Amino acid sequence: MTIIYHNTEPSTPFGSAMRKAHFSFGPHYTPLNHGSYGAYPVSVRRAHEAARTAMDEAPDPFIALEYHDRLLPHRRIAAQALGLGEESVDELVFVPNATTGSDTVLKNLVWEAGDTVLCYELVYDALAMGLSWVQETHGVGVHIVRVAWPVSDDELVEAMVGAAREINAQPGRRVRLAIVDTVISMPGLRVPFERLVPALQAEGALVLVDGAHGVGHVDIDLSVLKPDFLVTNLHKWFFVPRGCAAFYVARRHQHLIRTTLPTSHKFRPKRELGDAAVEVDKEGEGRAFADMFDFTGTDDTTAWLCVETALDFRNNVCGGQKAIQDYSHKVAQGSAVVAADILDTDIMDCPGSCLRDCFFANVRLPLELGTGPGQIDPAHKNKVSDWFKATGYRESGMYFQTCLYRDVWYWRISGMIYVDVDDFRRGAQVLKDLCARVRDGEHIKG
């Protein structure tokens, strides 16, 4: 099967018209935050319902006899969307989400004394907790490069490579694993991963690419990038139902990933329980990695059978990958300009950086930390973002994804085909009022 990315006009105009025609959001909800949990069109929901119905009508044959063959075409589509040829399909499997994929790497690597994991300070929170677990249980060092965004691509690459060289130069230490993103989650910004991956591999590190915001968002060609590990959510930007992520492990490293999470039926122990010798199935050895992930225990993984329908929507309704990318980038960056004007602030940016070459933009909020009049008391700073979310949704049907980064609040704008600049203009007006109320202390008044 060859994926053909059409480059045509969408059959329905992008923006609110697309939202009303093809998505099932409630009438009083304006979806300004695609980046957190994604969304998928009605046509994909129907395909998902059909798969669930087929499973419920005959669960035993569906799960035990048919699921593997049903799944393979969808893995093949995901592999091709990520630049892999037919011979490499079994380098890619599905897991429920990006966190599961990255944690599978952390839990499988055999850590040795002196091993260090290299990352920067905006590593995803859940992955950071996984690193804390590795640090606690295996004594692995975690080196965090404290570069402050916005930062130029050159400066970021130099800082990461410089840190790797400094660690490797110390007797008994090595960078065993380096972690980079395609697009960082909060604040939402693109990373020059195409430069970081080979640069860090050249320093001897295995590189895990956290592509949670990857496929369907930024172009990823695994045949060129050649990371050691990569995980990317299909339920974020590819329009597959939650939760579905592609987990790539280069064939040369599949021996390192000995178990799924949880360990399940297809694990191949080195010795049987009771210390008896194991008979190795040589015939199935080449597919052992992919087979291991097809079934890890009873669960509803019918979302994984919707990749083909999602691709059909992208091509035949949206006009293809380029049309989606062009609009989503344009609406994010254009809306950021409007929002910054309304809020009388600015947009996170930096010369020589690719950080805005994505569907995210980060607009500074008119809030200031301090103990003076109209300032946000540092003792209550962590209440602000949660108050924005709850109050914005309750009063206006808008969920605002904001964050405090280095003592500055940002609103992360998510571009997508079903929103337009007017949606974010209204959102900015609501958020401006909420900021005024926060400056008055309403977020701590109960």
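User: What makes V42, V44, H48, A51 and M55 in α3 count as buried?

Analyst: Buried means under 20% relative accessible area, with exposed over 50% and partly exposed in between (1.4 Å probe, protein chains only). In α3, V42, V44, H48, A51 and M55 meet that cut-off, so they are called buried. Bear in mind that this is a predicted model: local features need pLDDT of at least 70, side-chain atom pairs count only at pLDDT 80 or more, and totals for chains, interfaces and linings use all residues. Residues are numbered from 1 along each chain as its sequence is written, and side-chain values use heavy atoms, leaving out hydrogens and water.

User: What covers the buried residues of α3?

Analyst: The cover includes α1 (16-22), α4 (59-81) and α12 (307-316), where contact means heavy atoms within 4.5 Å.

User: How do you know that the span of helix α3 agrees with its 16 residues?

Analyst: Helices (H or I, at least four residues) are DSSP runs, numbered from the N terminus. The expected span is 1.5 Å times one less than the number of residues. For α3 (residues 42-57) that gives 22 Å, and the end C-alpha atoms are 22 Å apart, so the two agree.

User: Why is the protein chain called as compact as a globular protein of its length?

Analyst: The chain has 15 helices and twelve strands (E, at least two residues). Its radius of gyration, taken over C-alpha atoms, is 23 Å. The globule rule, 2.2 Å times the number of residues to the power 0.38, gives 22 Å for 446 residues; 23 Å is close to that, so the label fits.

User: How much of the chain is buried?

Analyst: Buried residues make up 56% of the 446.
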